[in-house]
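You asked for a quick read-through before you open the viewer yourself. Here are my notes, in the order I would go through them.

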Amino acid sequence: MKRALSVSEVLSKKKHVLKLSDKWAAAFGEPSKRGVWFIWGDSGNGKTDFAIQLCKELARFGKVIYNSFEEGASLAMRNAIVRAGMTDVKSRFGLLEGESMYELEERMQKHKSPDFYIIDSFQYANMSFDEYRRFKDANPKKLIIFISQGENKIPRGAPAKRVMFDASLKIYVEGFRAFSKGRSVGPKGYYTIWEEGAERYWGKEKTILQR
């Protein structure tokens, strides 16, 4: 039986959080740099561009690995990388073209392995919820970010829905905006992926009201 922590012990425990830059902090506050984040949304709403922009932000804190089952080094992925200006981060970003989850975990277990991993998508990783929990528990000092296909504004498939509920930060993408639905929310509550596309989707009036 584990010993219960006192109030002072809880308050004194080291907090592993990310001090995000202004635009990101306005949407997501100071989220945990460990554990699981979950991103989902219907196709065509800007998930890939958001994920690459997120990689650039995370690269400020360490190396980021993006394991792309769906896009790989496709033209769409290359264009997203160019739009985000990823040449600025150089060796702090690495793209894998659908590395198996077994191989990815081997990579994660190596000495001085990167701290940040994006897996795109959860459906292509073909994990059950129990497999996800084992994977998560085996890598407690890493930040694992799953991107999920969406369907009618919810993650596609029962395992993905369960992972969404388990994740510490839930990010829903719609109309070229990424909305914080998790435990860390900034004063604005959303991040705009593409200004022109968001304005076209939400309209100028809604843009003003949501600020």
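The points below go from the overall fold to the cores, one helix, a buried loop residue and some charged pairs.

1. First, a word on what you are looking at: this is a predicted model. The chain holds ten helices and nine strands. Its C-alpha trace spans about 55 × 40 × 35 Å along the principal axes.

2. How does the radius of gyration fit a compact globule? For 211 residues such a globule would have a value near 17 Å, and the chain has 17 Å, so the two agree. Of the 211 residues, 48% count as buried. The surface comes to about 11,700 Å² exposed, with carbon and sulfur atoms supplying 51% of it.

3. The contacts tell you how the chain folds back on itself. Taking contacts with a separation of 6 or more, 69% are between residues 24 or more positions apart.

4. Next, the inside. The largest nonpolar core has 33 residues, and the members that touch the most others are F28, F50, L54, L58 and Y66. Helices and strands both feed into this core: α2 (22–28), α3 (47–58) and α4 (75–84) each give two or more residues, as do β1 (35–41), β2 (64–68), β4 (116–120), β5 (143–151) and β7 (169–174). Helix α3 has the largest share, six residues.

5. If you want one residue to click on in that core, try F28. Setting aside residues up to four places away in sequence, F28 touches L20 and F50, then a run of later residues that includes L169, I171, A178, F179, S180, S184, V185, G186 and Y191. There is also a second, separate core of 27 residues, with F38, V163, A198 and W202 among them.

6. Two of those names come back in helix α9. Which residues of α9 (residues 195–202) are buried? They are G197, A198 and W202. Looking down the axis of α9, these buried residues fall within an arc of 110°, so they line one face of the helix. A198 and W202 both belong to the second core. Just after α9 comes G203, which takes a positive phi of about 90°.

7. Loops can hide residues too, and M127 is worth a look. M127 sits in the loop between α6 (122–125) and α7 (129–138). Is M127 buried or exposed? Its relative accessibility is 10%, and since the limit for buried is under 20%, M127 counts as buried. Leaving out neighbours within four places in sequence, its contacts are M101, F122, Y132, F135, F146 and P159. As a distance to check in your viewer, the C-alpha atoms of M127 and N67 are 14 Å apart, with their positions 60 residues apart along the chain.

8. Now the charges. Side chains of opposite charge can pair when their charged atoms come close. A search of the whole structure turns up eleven salt bridges. Three of them follow in the next points.

9. D49 and R83 meet through their side chains in a salt bridge, 3.0 Å from N to O. This pair links helix α3, where D49 is found, to helix α4, where R83 lies, 34 residues apart. The partners differ in exposure: D49 is buried at 19% relative accessible area, whereas R83 is exposed at 55%. Besides R83, D49 touches A80 and I193, not counting residues up to four places away in sequence.

10. K19 and E30 form another salt bridge, at 3.2 Å from N to O. Here loops are joined: K19 is in the one between α1 (7–12) and α2, and E30 is in the one between α2 and β1, eleven residues apart. K19 is exposed, with 52% relative accessible area, and E30 is partly exposed, with 42%.

11. Last, D115 and K142 pair up, with their closest N and O atoms 3.9 Å apart. D115 is in the loop between α5 (101–108) and β4, and K142 is in the loop between α7 and β5, 27 residues apart. Which partner is buried, and which is partly exposed? K142 counts as buried at 11% relative accessibility, while D115 is partly exposed at 30% relative accessible area.

Key: Residues are numbered from 1 along each chain as its sequence is written. This is a predicted model: local features need pLDDT of at least 70, side-chain atom pairs count only at pLDDT 80 or more; totals for chains, interfaces and linings use all residues. Side-chain values use heavy atoms; hydrogens and water are left out. Buried means under 20% relative accessible area, exposed over 50%, partly exposed in between (1.4 Å probe, protein chains only). Helices (H or I, at least four residues) and strands (E, at least two) are DSSP runs, numbered from the N terminus. The arc is that of the directions from the helix axis to the C-beta atoms. A nonpolar core is a set of buried Ala, Val, Leu, Ile, Met, Phe, Trp, Tyr and Cys residues joined through side-chain atoms within 4.5 Å. Contact means heavy atoms within 4.5 Å. The radius of gyration is taken over C-alpha atoms; the globule rule is 2.2 Å times the number of residues to the power 0.38. Accessible areas come from the Shrake-Rupley method with a 1.4 Å probe; for residues, only the protein chains shown count as cover. A salt bridge is a side-chain nitrogen of Lys or Arg within 4 Å of a carboxyl oxygen of Asp or Glu.
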